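Visitor: I would like a close look at one part of this model, the pairing of charged side chains. Please set out the context before the details.

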Amino acid sequence: MSKLQFDGHRLEITAGNAKNQVAQALSQCGCPENTANEVAAHLVDANLCGVESHGVMRVIQYVKQFTSQRMQATARPVLRRMPSGSFEVNGQGGIGIPAMSLAIEQSCVLSRKNGISAIAIRDVGHTGRLGAFAERAAEQGHLVIVMGGGNRKTWRQVAPYGGSQGMLPTNPYCI
């Protein structure tokens, strides 16, 4: 059973119109303009890549999660150097797309300097289509391995084999 039921009819709009509508919905929830625009562009791109499950339909989920305080609309990701010398991006409870962007950007900078890098990301909601981030790194000449997962107590979205209720977090990956 899908979260959304397709009634057999589609409304066709331009990608630009879709981006504007999604950005406006996110802005009305309290997202900063740059976050709303980045997330809108990411979601529309997912649709254009044929990955509708991570496309504009996600705005419905995001609005619900902002309204219920499950995600924080005003959150901005923060990059921190940890005492061990490693890096972490803390998403501050917001949408994961800006946090993933920051992590990929920083990973590319670090790997150019050191030959390799690893960055942990924490306290984020949905991170979008992981392939978009791998493609961004690849365009800069980098190999990237992105692995995700969620707090099983908070983000139970996957039903175990044969089950009907979400009990596990997702565990997406992309190379």
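Visitor: Read along the sequence, which pattern of helices and strands does the protein follow?

Guide: The pattern is α-α-α-β-β-α-β-α-β-β, with five helices and five strands in the protein. Both are DSSP runs numbered from the N terminus: helices are H or I with at least four residues, strands E with at least two. This is a predicted model, in which local features need pLDDT of at least 70 and side-chain atom pairs count only at pLDDT 80 or more, while totals for chains, interfaces and linings use all residues. Residues are numbered from 1 along each chain as its sequence is written, and side-chain values use heavy atoms, leaving out hydrogens and water.

Now the charges. The protein carries 17 positive and 11 negative side chains, and the centres of the two sets are 11 Å apart. Lys and Arg count as positive, Asp and Glu as negative, with His and the chain ends not counted; each charge is placed at NZ of Lys, CZ of Arg, CG of Asp or CD of Glu. Side chains of opposite charge can pair when their charged atoms come close. A salt bridge here is a side-chain nitrogen of Lys or Arg within 4 Å of a carboxyl oxygen of Asp or Glu, and the protein has five by this rule.

One of them joins E52 and R10, whose closest N and O atoms are 3.2 Å apart. This pair links distant parts of the chain, 42 residues apart: E52 sits in the loop between α2 and α3 (58-67), R10 in the segment before α1 (15-28). R10 counts as exposed because its relative accessibility is 52%, and E52 counts as partly exposed because its value is 38%. Buried means under 20% relative accessible area, exposed over 50%, and partly exposed in between, using a 1.4 Å probe and protein chains only.

R80 and E88 form another bridge, with closest N and O atoms 2.6 Å apart. E88 is buried, since its relative accessible area is 6%, whereas R80 is partly exposed at 37%.

R129 pairs with E135, the closest N and O atoms being 3.0 Å apart. Here the arginine R129 is buried, because its relative accessible area is 10%, and E135 is partly exposed at 38%. This pair does not stand alone: D45, R129 and E135 are linked in a network of salt bridges.

For comparison with the whole chain, buried residues make up 36% of the 175 residues.
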